[in-house]
Amino acid sequence: MEIGTIGAGDFAQAFAKRMLKSGHKVILSNSRGPESLREIVMRLGPGATAGTREEAVACEMVLLAVPWDNVPETLASLPEWKNQILIDSVNPYHGKAGAFTPADVGNLSTSQFVAALAPGARVVKAFNNMRTPNLEADPVVNGAKRVAFISADDDDAKKRVYTLLENCGYSVVDLGNLRDGGLIQQTGGPLGGRDLLEKGEYIPGT
Ligand SMILES: NC(=O)c1ccc[n+]([C@@H]2O[C@H](COP(=O)([O-])OP(=O)(O)OC[C@H]3O[C@@H](n4cnc5c(N)ncnc54)[C@H](OP(=O)(O)O)[C@@H]3O)[C@@H](O)[C@H]2O)c1
């Protein structure tokens, strides 16, 4: 599969490495254009290309990996969504990463807020709990699998991202819809910032 990224910073590059290792192709994009990403894609190697945001969004699966404060302007600058899957990996902190001022979106989960700004996209919350070094490292640690959480309103989109994560080697836990699951897994929720390992296979429904 070819996966697009909106944002090409530390996290998108770690995501790209993981996807390339799983045999996928990745088109990275940022606000400055493909030329600014030339060295990055050279370092990432075969399967990684630099594209425009339009090219990245044309992929059937697209990672959103920009700072929280940039989310509204970024989504407003993209072409109309036509049912693509939008993976929301954003942790809602204002300011630079590390400043840790959590954003307030009222009654919504932050992924519902993202979904409202991306009509036509099928939003899946995933990857936000994984720090870049862990995403780059082998998902299996001393025989235990890293746990990946996902939430979505669209069952088919959720299944597709579930399978993507599973094929990468993660133990995937489906937390439900964007509202309830999103609130559990986002920053400030009970699983926000947790990076867990699970021994053995996770069996859905048990
Ligand atoms: N780092 C982690 O461990 C980690 C873990 C989980 C989730 N996340 C989440 O991933 C997101 C990115 O984090 P990061 O650490 O990768 O930050 P980063 O290194 O600062 O990268 C941010 C990227 O967003 C791009 N960007 C900003 N505005 C844009 C726009 N309008 N259109 C397209 N691209 C735009 C930037 O490129 P230009 O400025 O050149 O456009 C840059 O490539 C954050 O929401 C963070 O919460 C990070």
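Reader: How many of the twelve residues of H1 are buried?

Author: In this predicted model, helix H1 has twelve residues and reaches 17 Å from its first C-alpha to its last, close to the 16 Å expected at 1.5 Å a residue. Its buried residues include Phe11, Phe15 and Met19. The helix is largely enclosed by the rest of the structure, because the number of its residues that are buried is nine of the twelve.

Reader: Which residue with a positive phi follows H1?

Author: Helix H1 covers residues 10-21. The residue that follows H1 has a phi near 90°, and this residue is glycine 23.

Reader: What is the handedness of the β-α-β crossover from S1 through H1 to S2?

Author: Strand S1, residues 2-6, runs parallel to S2, and five bridges join the two. One of these pairings sets glycine 4 against isoleucine 27 of S2. Between the two strands the chain passes through helix H1, and the crossover is right-handed.

Reader: Which residue in S3 stands opposite isoleucine 27?

Author: S2 is also joined to strand S3, residues 48-50, by three bridges, and these two strands run parallel. With H2, the strands S2 and S3 make a right-handed β-α-β unit. In S3, the residue opposite isoleucine 27 is threonine 49.

Reader: Why is S2 described as largely enclosed by the rest of the structure?

Author: Strand S2 is joined to S1 by five bridges and to S3 by three. S2 counts as largely enclosed because, of its five residues, the number buried is four.

Reader: What is the relative accessible area of serine 29?

Author: Serine 29 is placed in strand S2. Leaving aside neighbours within four places in sequence, serine 29 is in contact with several residues, among them Ile6, Leu37, Thr52 and Ala56. Buried means under 20% relative accessible area. Serine 29 is therefore buried, its value being 0%.

Reader: Which backbone oxygen does the side chain of serine 29 reach?

Author: Among the contacts of serine 29 outside its sequence neighbourhood of four places is Thr5. The side chain of serine 29 comes to 2.8 Å from a backbone oxygen, that of threonine 5.

Reader: Is asparagine 30 buried or exposed?

Author: Asparagine 30 is found in the loop between strand S2 and helix H2. Leaving aside neighbours within four places in sequence, its contacts are Ala8, Ser36, Leu37 and Arg53. Because its relative accessibility is 12%, asparagine 30 counts as buried.

Reader: Which side chain makes a polar contact with the side chain of asparagine 30?

Author: A polar atom of the asparagine 30 side chain lies 2.9 Å from the backbone nitrogen of glycine 33. The polar contact between side chains, at 3.1 Å, is with serine 36.

Reader: Within what arc do the buried residues of H7 fall, seen down its axis?

Author: Helix H7, residues 155-168, has 14 residues and reaches 20 Å from its first C-alpha to its last. Its buried residues are Ala157, Lys158, Val161, Tyr162, Leu164, Leu165 and Cys168. They line one face of the helix, because they fall within an arc of 160°.

Reader: Which exposed residues does the face of H7 turned away from its buried side carry?

Author: Residues three or four places apart in an α-helix point the same way, because there are 3.6 residues a turn. On the face of H7 turned away from its buried side, the exposed residues are Asp155, Lys159 and Asn167.

Reader: Which residue caps the N-terminal end of H7?

Author: After H7 comes glycine 169, with a positive phi near 115°. At the N-terminal end, a side-chain oxygen lies 3.1 Å from the backbone nitrogen of aspartate 156, and the capping residue is aspartate 154.

Notes:
Residues are numbered from 1 along each chain as its sequence is written. This is a predicted model: local features need pLDDT of at least 70, side-chain atom pairs count only at pLDDT 80 or more; totals for chains, interfaces and linings use all residues. Side-chain values use heavy atoms; hydrogens and water are left out. Buried means under 20% relative accessible area, exposed over 50%, partly exposed in between (1.4 Å probe, protein chains only). A polar contact is a pair of N or O atoms within 3.5 Å; within protein, one must be able to donate a hydrogen and the other to accept it, and residues adjacent in sequence count only if both atoms are side-chain atoms. Contact means heavy atoms within 4.5 Å. The expected span of a helix is 1.5 Å times one less than its number of residues. The arc is that of the directions from the helix axis to the C-beta atoms. Two strands pair if DSSP finds at least two bridges between them. A crossover is right-handed if, with the strands pointing away from the viewer, the path from the first strand over the helix to the second runs clockwise.
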